[in-house]
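The exercises below are to be worked with the sequence and the coordinates open. Each one sets a task and then gives a solution in steps.

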Amino acid sequence: MANILSAEDVYKSYGEKILVNGISFGIDDGQRVGLIGVNGTGKSTLLKMIAGIEKPDNGSITLTGKARVHYLPQEPLFTANTTVLAAVFGGDLPEMVLLRDYETTMERLAADPERTDEQQRLIRLQTRMDDLGVWDLEHEAKTILTKLGVTDFQADVETLSGGQKKRIALARALIQPADLLILDEPTNHIDDESAAWLESYLALRKGALFMVTHDRYFLDRVANRIFELYEGKLYQYSGNYDAFLAAKAGREAAVQASEEKRQNFLRNEQKWIQRGPRARGTKQKARTERYYEVLSEGPEESGGNIEISSASTRLGKTVIELKDVSKGYQEDRPLISHFSYIVLRNDRIGIIGANGMGKSTLLKLLSGQMSPDEGEVVIGSTVKIGYFSQEHDEMPRDVRVIDYIREEAAYVQTAEGETISAAQMLERFLFPGNLQWTPIAKLSGGEKRRLTLLKTLMSAPNVLLLDEPTNDLDIPTLTILESYLDDFAGAVVVASHDRYFLDTVCEKIFSFEGDGIISTHFGNFSDYVERTQTAKHGGDSDGGVLKETTNKVWVEKGTRPDAAEKTQPQATKSRKLKFTWAEQQDYETIDARIAEVEQLLKALSAQMEAAGADYGTVQELYKEQQALEKTLDELLERWTYLSELAEEIDKSRS
């Protein structure tokens with residue numbers, strides 16, 4: 001596998017903050033690297049150094065031969081008065097310059113077909129395009145734009161939204177003939193369908209890929225290496241995101257075991273030193289020096305964790321009720337049409353749909369920030385809403401981090417009854433002491449968003465409305481936010497394109513179907529996808545859509561408890577009340593087989609801990625672990641079935 005880029009002993013800092021501290025790595029052809037880490041640690045800076053936009057303070061980053069690199073920033077820039085298609089053909093590569101000339105000439109001829117000079121120029125350009133073989137690039141550009149939801153190729157880029165500009169820049173990046181493609185948050189501002197298409201496209205793309213993304217499904221399906229940047233160090237793992245989680249757990253277990261050994265050594269040596277042996281020969285002196293050397297080493301940091309308990313106020317019987325609500329900004333294009341729903345106390349609702357369909361509008365209606373054109377929104381008297389918006393108000397630049405949080409609350413009481421200060425909450429949210437006294441102006445975009453999220457949670461809401469909360473948040477923050485929401489004593493309604501987040505958090509899905517129609521589904525995002533796919537291929541016609549009964553109770557088609565109670569006994573009575581020969585054999589041996597698999601899993605866990613930083617070994621062990629866990633699940637399911645059958649047989653004999 002040919003090497004494309006080599007980084008040796010790279011160091012970069014901003015003021016007193018060290019971003020990367022003597023890191024080294026290589027990128028080979030065909031590798032798809034996902035870079036993860038807490039916001040503000042220098043991920044985007046590392047991408048810019050690899051792209052050649054910034055220089056390291058020390059060390060070197062070297063491209064092999066004539067390797068070509070293209071970089072997609074989070075905030076792309078475009079030349080004024082540029083059409084969508086011309087913007088996609090940006091860059092200095094000969095292919096891109098030729099395509100831009102071709103598009104410009106076509107525009108001139110469209111305005112004045114009789115211009116002979118432009119006709120001759122078009123012929124020359126077509127010949128050069130034949131020579132360079134770039135006709136396919138034009139077709140590919142239009143295909144990619146369409147897949148990303150951009151269909152007006154002649155629109156002026158400056159008139160488009162920020163999300164549309166990001167998708168155009170992504171299309172520009174994808175058609176570049178680059179040996180190394182660098183992407184900073186490529187799935188921001190694209191919907192789930194576009195993200196799934198992008199996964200497939202990048203998985204088949206030739207060349208190397210280096211990307212920062214918080215989309216964990218995207219990492220799982222695209223990346224074959226994971227880099228983790230933490231405290232200036234770079235940890236490298238083979239495999240996708242799932243393999244990274246297993247390998248990191250192994251590394252942290254090894255670190256913990258090493259620290260326990262270090263502490264045992266220090267305890268024993270401290271006793272020896274305190275005894276004060278009279279002989280102070282060379283061996284004794286070396287032993288004493290060794291003690292102080294180990295004492296100064298300290299444990300290796302295993303990575304930051306955000307811990308925050310659920311703090312909320314009491315929620316009464318009425319939460320939020322939407323009564324036949326309609327809303328639109330154009331008469332012929334309703335965003336929401338005659339939608340009704342009663343939000344329950346512990347609802348976990350995910351809102352999905354293409355950009356511009358009305359997801360944010362629905363959240364604003366729920367929050368009372370916006371009034372419906374028709375219908376009524378009733379908000380309970382005890383409801384305290386925490387609203388986390390996509391578009392935050394401008395944060396005060398000169399206000400310090402801790403003062404910004406204290407504006408909301410100096411202290412907060414957790415679900416466990418513990419009272420903790422704003423400073424302690426900031427610590428738990430990865431704002432250490434020195435950063436708490438920093439002016440907000442010096443924070444990164446992701447750090448500002450994390451700070452705003454913390455302020456929302458510290459207001460002790462009992463209803464949380466979250467509009468694209470995963471945008472610009474790092475994976476550690478998302479993981480703990482998911483844990484927080486799992487324990488949150490109130491209702492949560494979230495609009496998001498993050499499929500992993502929706503799967504982890506949500507138990508119902510509101511799907512915007514177009515023309516103001518919102519369908520409601522039980523289950524998380526993956527359940528929704530499975531049902532809609534089944535419906536498309538001739539299964540359940542409503543895809544698991546919730547039905548409203550006369551008493552306003554929402555139930556899923558085919559899953560009413562009374563129906564299940566009526567059908568279950570009949571199924572049991574129809575069974576033959578005795579074991580088959582195979583069932584009898586399984587019943588007699590299954591306990592031992594379960595115990596054997598559990599012992600194998602325990603041994604594998606020990607091997608993973610012992611492997612430590614040998615990530616290749618950890619990955620192989622992780623695959624074995626996954627297979628064994630699947631076997632264990634099957635055995636436990638079989639055990640449950642056989643045990644229930646044995647009980648029925650005993651009852652029939654008594």
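## Exercise 1: a charged patch

Glu 629, Asp 633, Glu 634 and Glu 637 form a patch of negative charge on the surface. The model is a predicted one.

Task: Find the helix that holds Glu 634, and decide whether Glu 634 meets the accessibility condition for a patch member.

Solution.
- Step 1. Glu 634 is located in helix α21, which covers residues 615-653.
- Step 2. The relative accessible area of Glu 634 is 47%, so the residue is classed as partly exposed.
- Step 3. A patch member needs over 30% relative accessible area. Glu 634, at 47%, therefore meets that condition.

## Exercise 2: helix α1 and the residue after it

Task: List the buried residues of helix α1 and describe the phi angle of the residue that follows the helix.

Solution.
- Step 1. Helix α1 runs over residues 43-51, and its buried residues are Lys 43, Thr 45, Leu 46, Leu 47, Met 49 and Ile 50.
- Step 2. For reading such a list, note that an α-helix has 3.6 residues a turn, so residues three or four places apart point the same way.
- Step 3. After α1 comes Gly 52, with a positive phi near 85°.

## Exercise 3: salt bridges

Task: Among the 20 salt bridges of the structure, examine Glu 118 with Arg 115, Asp 215 with Arg 499, and Arg 400 with Asp 403. State the N to O distance and the burial of the partners in each.

Solution.
- Step 1. Glu 118 and Arg 115 are joined through their side chains at 3.4 Å, N to O. Glu 118 has a relative accessible area of 5%, so it is buried. Arg 115, with 31% relative accessibility, is partly exposed.
- Step 2. In the bridge of Asp 215 and Arg 499 the N to O distance is 3.1 Å. This pair links distant parts of the chain, 284 residues apart: Asp 215 belongs to the loop between β7 (208-212) and α8 (216-222), and Arg 499 to helix α17 (residues 499-505). Both Asp 215 and Arg 499 are buried.
- Step 3. The closest N and O atoms of Arg 400 and Asp 403 are 2.9 Å apart. Arg 400 is partly exposed at 33% relative accessible area, and Asp 403 is partly exposed at 24%.
- Step 4. Shared partners join Arg 108, Arg 115, Asp 117 and Glu 118 into one salt-bridge network.

## Exercise 4: side chains that contact the backbone

Task: For Asn 524 and Ser 326, name the backbone atoms that the side chain contacts.

Solution.
- Step 1. Asn 524 sits in the loop between β20 (517-522) and α18 (525-536). Its relative accessible area is 17%, so Asn 524 is buried.
- Step 2. A polar atom of the Asn 524 side chain lies 3.3 Å from the backbone oxygen of Asp 503. The backbone nitrogen of Ser 526 is 3.2 Å from a polar atom of the Asn 524 side chain.
- Step 3. Ser 326 is part of strand β10 (residues 320-330) and is buried, at 7% relative accessibility. The side chain of Ser 326 comes to 2.8 Å from the backbone nitrogen of His 338.

## Exercise 5: positive phi outside glycine

Task: Place Asp 9 and Leu 430 in the secondary structure and give the phi of each.

Solution.
- Step 1. Asp 9 lies within strand β1 (residues 3-14). Its phi is near 50°, a positive value in a residue other than glycine.
- Step 2. Leu 430 belongs to the loop between α13 (422-428) and α14 (433-436). Its phi is also positive, near 65°.
- Step 3. At 17% relative accessible area, Leu 430 is buried.

## Exercise 6: C-alpha separations

Task: Give the C-alpha separation of Ser 6 and Leu 63 and of Asp 347 and Ala 489, and describe the setting of Ser 6 and Asp 347.

Solution.
- Step 1. Ser 6 is in strand β1 and is partly exposed, with a relative accessible area of 24%. Its C-alpha atom is 6.6 Å from that of Leu 63, 57 residues apart along the chain.
- Step 2. Asp 347 occupies the loop between β11 (333-343) and β12 (348-352). Asp 347 is buried, at 4% relative accessible area.
- Step 3. Asp 347 and Ala 489 are 142 residues apart along the chain, and their C-alpha atoms are separated by 10.0 Å.

Terms used:
Residues numbered from 1 in each chain as written. Predicted model: local features only at pLDDT ≥ 70, side-chain atom pairs only at ≥ 80, totals over all residues. Heavy atoms only, no water. Patch = residues over 30% accessible without salt bridge, like charges linked within 9 Å, V, L, I, M, F, W, Y side chains within 5 Å. Areas by Shrake-Rupley, 256 points an atom, 1.4 Å probe, with all protein chains shown as cover. Salt bridge = Lys/Arg side-chain N within 4 Å of Asp/Glu carboxyl O. Lys, Arg positive; Asp, Glu negative; His and termini not counted. Charge placed at Lys NZ, Arg CZ, Asp CG, Glu CD. Helix = DSSP H or I, 4+ residues; strand = E, 2+ residues; numbered from the N terminus. Buried < 20%, exposed > 50% of the residue type's maximum accessible area, 1.4 Å probe, protein only. Polar contact = N/O pair within 3.5 Å; in protein donor to acceptor, adjacent residues only side chain to side chain.
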